[in-house]
Structures are given as C-alpha cells and as structure tokens.
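Let's take a walk through this structure together, going from single residues to linked loops and then to the empty spaces. Keep the viewer open as you read.

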Amino acid sequence: MLLLLNASFVYQIKAGTNCKNTPPQSTGPFYKLPSKIFNNDMTNNGKAIGKKIKVYGKILDNKCKPISNAVLDIWQANSFGKYNHQADLSQSKKDNNFNGYMRLLSDKNGEYSFNTILPGSYKVSKDFTRTPHIHFKITNNKKQLTTQMYFKGYDMNEKDFLFKSTINNNALEAMIDKSFSKLTYKFDIII
C-alpha cells in the first residue's frame, strides 16, 4: 500500500489497483475559456455571497497513479444559481464578487484544492431544476475529461436527469471531510 502524505491531506492507495474512470458529463452551455491566470479562490477573498466551501482531491490515472501538472478548468453557478456567462439569461441575481471560473494545476502529487461557495440550483425549464454542481474540465498531455461534481446527500441529485442518467453516478458525489473546520468536500477525479 502506498501512503501519500501532504501537509493537509493523507491518501491511502493500494499499489497496482485499477481505478474506475470518473464518468464524463456534459460541458453545458456556460463553459468559457478561463483566464490563463492560475488561481484557487473563486470567493474574491471571501467577499462572494453564499456558504464558503473548500474542495480538494487528486487527479489520478486508471492505475491510481497521481497525475501532476494537469490543468483543471472549473466553473459553476453563484449561490443564486446564475452563471457569470453571457448565455445565462435567467433573472437570478448576479454576484459581482463571484467570478465563477478558475484555472489551476494539480501539484506533483496530483493534488488540487480551491475555495468557492456552495452553488445554487437553477431552473432549466418549468419542470426541471438542476441540483447544485461544479463543472470540471481536466487536461493533461495524454487525456481530457469533462465532468461534474455533485454534493452527496442532496435530495435534488436523484431528480437531476444528468446525474440520474450517468452510470456509476456515485463517483460524481463529493464527500464532506469533517476533519476540517471549514465546510470541505473531497473529490478525486480519475482520467
């Protein structure tokens, strides 16, 4: 068993284990190329409106080996369920202190982390509301994956057609890590 230590995280991975790939999901209509500036805080130093959270995890290959220097493009709705995107024509409130887009790199151990807010749900049609989620597009020199992270335990997950229609959708649910004082979710991504 390989034990990886970091100042903030401990990972136990069985050597030679095959990891199941994280299921792909739609990019959706609100993707835009993020700035080339690497950043790990969508909250504008805590000024964004909403419940502040931290998300962390590892980018791994299907042999459970960490992928270093993977580019993560991350985007999400604000706490009111509005994207900072010209195609979002909803009447939901805009938060000028929340960018909603970021780019970061996994470190030499494949680890990443960022600060954000808990995204709001939003109506897609009169009969369908998306459950809170965060989009990820991971690129390294060999592969690319676009997926979405959901929050384990949300009742709306089981009503969300994108979540429900995904095989192995439990791999898309981030778990709360209670070892941190701040609300923190762990989400490993296997590409």
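Tyrosine 185 touches quite a list of partners beyond its sequence neighbours: Ile53, Lys54, Val55, Tyr56, Leu118, Phe151, Ala174, Met175 and Ile176. You'll find tyrosine 185 in strand E12, which covers residues 184-186. Keep in mind that the model is a predicted one. Is tyrosine 185 buried or exposed? With a relative accessible area of 3%, tyrosine 185 is buried, because the cut-off for that label is under 20%. If you want a distance to check, try the C-alpha atoms of tyrosine 185 and methionine 156: they are separated by 18 Å, with the two positions 29 residues apart along the chain.

Now hop over to phenylalanine 114, which sits in strand E6, residues 111-117. Its relative accessibility is 1%, so phenylalanine 114 counts as buried. Which residues does phenylalanine 114 contact, leaving aside its neighbours within four places in sequence? They are Asn40, Met42, Ile53, Lys54, Val55, Ile74, Met102, Leu104 and Phe136. Ile53, Lys54 and Val55 should ring a bell, as tyrosine 185 touches these residues too. For one of the partners, Met102, there is also a backbone distance: the C-alpha atoms of phenylalanine 114 and methionine 102 are 9.3 Å apart, and the two residues are 12 apart along the chain.

Next up is the loop between E2 and E3, where threonine 43 has its place. Threonine 43 comes out at 5% relative accessibility, so this residue counts as buried. Leaving out neighbours within four places in sequence, threonine 43 is in contact with Ala48, Lys52, Asn97, Asn115, Thr116 and Ile117. Asparagine 44 lies in the loop between E2 and E3 as well. At 31% relative accessibility, asparagine 44 counts as partly exposed, whereas threonine 43 is buried. The backbone of asparagine 44 is worth a look too: phi is positive, at about 55°, although the residue is not a glycine.

Another positive phi turns up at cysteine 64, where the value is near 70° in a residue other than glycine. That brings us to the disulfide, of which the structure holds 1. Cysteine 64 pairs with cysteine 19, and their sulfur atoms are 1.7 Å apart. What does this pair tie together? Cysteine 19 lies in the loop between strand E2 (10-13) and strand E3 (52-60), while cysteine 64 lies in the loop between E3 and strand E4 (71-76), so the disulfide links parts that are 45 residues apart in sequence. The torsion about the S-S bond is about 115°, and therefore the disulfide is right-handed. Both cysteines are buried, and for cysteine 64 the relative accessible area is 6%.

Further along the chain, threonine 166 is found in the loop between H1 and strand E11 (173-176). Threonine 166 is buried, with a relative accessible area of 12%. What joins the side chains of threonine 166 and glutamine 25? A polar contact of 2.6 Å does. Apart from neighbours within four places in sequence, the contacts of threonine 166 are with Pro23, Gln25 and Leu172.

That leaves the empty spaces. The largest pocket has a volume of about 230 Å³. Its lining takes in 21 residues, and Pro29, Phe30, Tyr122, Val124 and Arg130 lie nearest the centre. Which elements each supply at least two residues of that lining? They are strand E7 (122-125), strand E8 (128-130), strand E9 (133-139) and helix H1 (161-164). E7 gives the largest share, 3 residues. By chemical character, the pocket lining divides into 8 nonpolar, 10 polar and 3 charged residues.

As for enclosed space, the structure holds 1 cavity of 30 Å³ or more. The volume of the largest cavity is about 50 Å³. Around the largest cavity you'll find Asn78, Lys82, Tyr83, Asn84, Lys94, Asp95, Phe98 and Asn99. This lining splits into 2 nonpolar, 3 polar and 3 charged residues.

Technical notes: Residues are numbered from 1 along each chain as its sequence is written. This is a predicted model: local features need pLDDT of at least 70, side-chain atom pairs count only at pLDDT 80 or more; totals for chains, interfaces and linings use all residues. Side-chain values use heavy atoms; hydrogens and water are left out. On a 1 Å grid over the protein atoms alone, a cavity is a set of points where a 1.4 Å probe fits but cannot get out, and a pocket is an open set with protein on both sides within 12 Å along at least five of seven lines; lining residues have an atom within 4 Å of a point. Grid points are joined across faces, edges and corners, and a volume is the space filled by probe spheres set on the points. Ala, Val, Leu, Ile, Met, Phe, Trp, Tyr, Cys and Pro count as nonpolar, Asp, Glu, Lys and Arg as charged, and the others, Gly among them, as polar. Helices (H or I, at least four residues) and strands (E, at least two) are DSSP runs, numbered from the N terminus. Buried means under 20% relative accessible area, exposed over 50%, partly exposed in between (1.4 Å probe, protein chains only). A polar contact is a pair of N or O atoms within 3.5 Å; within protein, one must be able to donate a hydrogen and the other to accept it, and residues adjacent in sequence count only if both atoms are side-chain atoms. Contact means heavy atoms within 4.5 Å. A disulfide is a pair of cysteine sulfur atoms within 2.5 Å.
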